[in-house]
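Please open the structure in a viewer and keep the sequence panel visible. The tour proceeds by selection, one group of residues at a time.

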Amino acid sequence: MAEKPEPVKVLYCPICSLPAEYCEFGPDFEKCKPWLIINAPELYPDLLKEANEKEAERISEQLQFAGISSSGADGAVSSVQSGETSSSKQEEVKRLPGGKIKKKARQEVVIEKVVRNKRKSITIIKGMELFGIKLSDASKKLGKKFATGASVVKGPTEKEQIDVQGDIAYDIVEFITETWPDVPETAIYFIEDGRKVPAA
């Protein structure tokens, strides 16, 4: 005679009232996380790892606050600069829904020269909107200054950029810094042979 199958025991989350394996699709996944880490760690191993990382981060912050470097095994006193860099790193990080981390885009203007049809070149300027510059106004000023066509287009990453006809890559740095003083020369980079090279 065949054995009777045992009924499946389903673990329900008391916060969202869904089965534990469906909590991530529920309305309050952030609230469910602490309960899931304790009661269903095998279902969400990433949460356990994330919780351990948060705990390590919290301890390192406490050590930095106390003036002890967590990276130094000998317990050396950390300098004020390391505290400043840790706070600036915290400012660059943004949390998304679901606990994912998104780093803030660095404020930089990237200039790239692209050659088309072996003779026509286009200068692409990316990142000016990060400095609060309206791209349509910037393209008009660039077109007037260099007596060429300039337009705002969507790049391959779906971010808007300015395309200027012609090779004006090295003349453009001085124009940008004079026209928009908010853009420092140290924040302007060229892309040469696939590498980012500072303009300054």
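A salt bridge is taken here as a side-chain nitrogen of Lys or Arg within 4 Å of a carboxyl oxygen of Asp or Glu. The model to which this criterion is applied is a predicted one.

**Overview**

Begin with a cartoon of the whole chain. The protein comprises five helices and eight strands, and their order along the sequence is α-α-α-β-β-β-β-α-β-β-α-β-β. Of its 200 residues, 28% count as buried.

**Stop 1: helix H1 and the segment before it**

Select Lys33 and Glu30 and show their side chains. The two meet in a salt bridge, with an N to O distance of 3.1 Å. How far apart are Lys33 and Glu30 in helix H1? They are three residues apart in that helix, and therefore separated by about one helical turn. Helix H1 itself spans residues 29–39. The two partners can also be compared by accessibility: Lys33 is buried, at 6% relative accessible area, whereas Glu30 is partly exposed, at 43%.

Keep Lys33 selected and add Ile15. Their C-alpha atoms are separated by 9.8 Å, and the two residues lie 18 apart along the chain.

Next, select Asp28, in the segment before H1. Its relative accessible area is 30%, so Asp28 is partly exposed. Adding Cys16 to the selection gives a C-alpha separation of 6.6 Å between Asp28 and Cys16, which are 12 residues apart along the chain.

Move on to Ser17, which also belongs to the segment before H1. Ser17 is not a glycine, yet it has a positive phi of about 60°. Ser17 is exposed, with 55% relative accessibility.

To finish this stop, select Val8, Val10 and Tyr12 and display the surface. Together they make a nonpolar surface patch of about 330 Å². Within this patch, Val8 lies in the segment before H1 and is exposed at 74% relative accessibility.

**Stop 2: salt bridges among the strands**

A search of the whole structure finds four salt bridges, and the next two selections are among them.

Select Lys196 and Glu108. Their closest N and O atoms are 2.5 Å apart, in a salt bridge. Which parts of the chain does the pair link? Lys196 is in strand S8 (residues 195–198), while Glu108 is in the loop between strand S2 (101–103) and strand S3 (109–116); the two are 88 residues apart. Lys196 is partly exposed at 45% relative accessibility, whereas Glu108 is buried at 11%.

Now select Glu112 and Lys126, whose closest N and O atoms are 3.5 Å apart in another salt bridge. This pair joins strand S3, which holds Glu112, to strand S4 (residues 120–126), which holds Lys126, across 14 residues of sequence. Glu112 is partly exposed, with 22% relative accessible area, and Lys126 is partly exposed, at 29%.

**Stop 3: the aromatic cluster**

Select Phe146, Phe175 and Trp180 and show their rings. The structure holds two aromatic pairs. In one of them, the ring centres of Phe146 and Phe175 are 5.7 Å apart and the planes stand at 75°, so the pair is edge-to-face. Phe146 is located in the loop between helix H4 (135–145) and strand S5 (150–154), and Phe175 in helix H5, so that the pair links distant parts of the chain, 29 residues apart. Why does the pair of Phe175 and Trp180 count as edge-to-face? The planes of these rings are at 85°, with the centres 5.9 Å apart, and planes over 60 degrees apart count as edge-to-face. These ring pairs link Phe146, Phe175 and Trp180 into a cluster. Phe146 and Phe175 are buried, as is Trp180.

While in the loop between H4 and S5, select Ala147. Its phi is near 50°, a positive value in a residue other than glycine. Ala147 is exposed, with a relative accessible area of 72%.

**Stop 4: a charged patch**

Finally, select Asp171, Glu174, Glu178 and Glu185, and colour the surface by charge. These residues gather in a patch of negative charge on the surface. One of them, Glu174, is in helix H5 (residues 172–179) and is exposed, with 54% relative accessible area. Helix H5 is also the place of Phe175, which is buried.

Note on methods: Residues are numbered from 1 along each chain as its sequence is written. This is a predicted model: local features need pLDDT of at least 70, side-chain atom pairs count only at pLDDT 80 or more; totals for chains, interfaces and linings use all residues. Side-chain values use heavy atoms; hydrogens and water are left out. Patches are made of residues with over 30% relative accessible area and no salt bridge: like charges are joined within 9 Å, nonpolar side chains (Val, Leu, Ile, Met, Phe, Trp, Tyr) within 5 Å. Accessible areas come from the Shrake-Rupley method with a 1.4 Å probe; for residues, only the protein chains shown count as cover. Lys and Arg count as positive and Asp and Glu as negative; His and the chain ends are not counted. The place of a charge is taken as NZ of Lys, CZ of Arg, CG of Asp or CD of Glu. Helices (H or I, at least four residues) and strands (E, at least two) are DSSP runs, numbered from the N terminus. Buried means under 20% relative accessible area, exposed over 50%, partly exposed in between (1.4 Å probe, protein chains only). Rings of Phe, Tyr and Trp (its six-membered ring) pair if their centres lie within 6.5 Å; planes under 30 degrees apart count as stacked, over 60 as edge-to-face and the rest as tilted.
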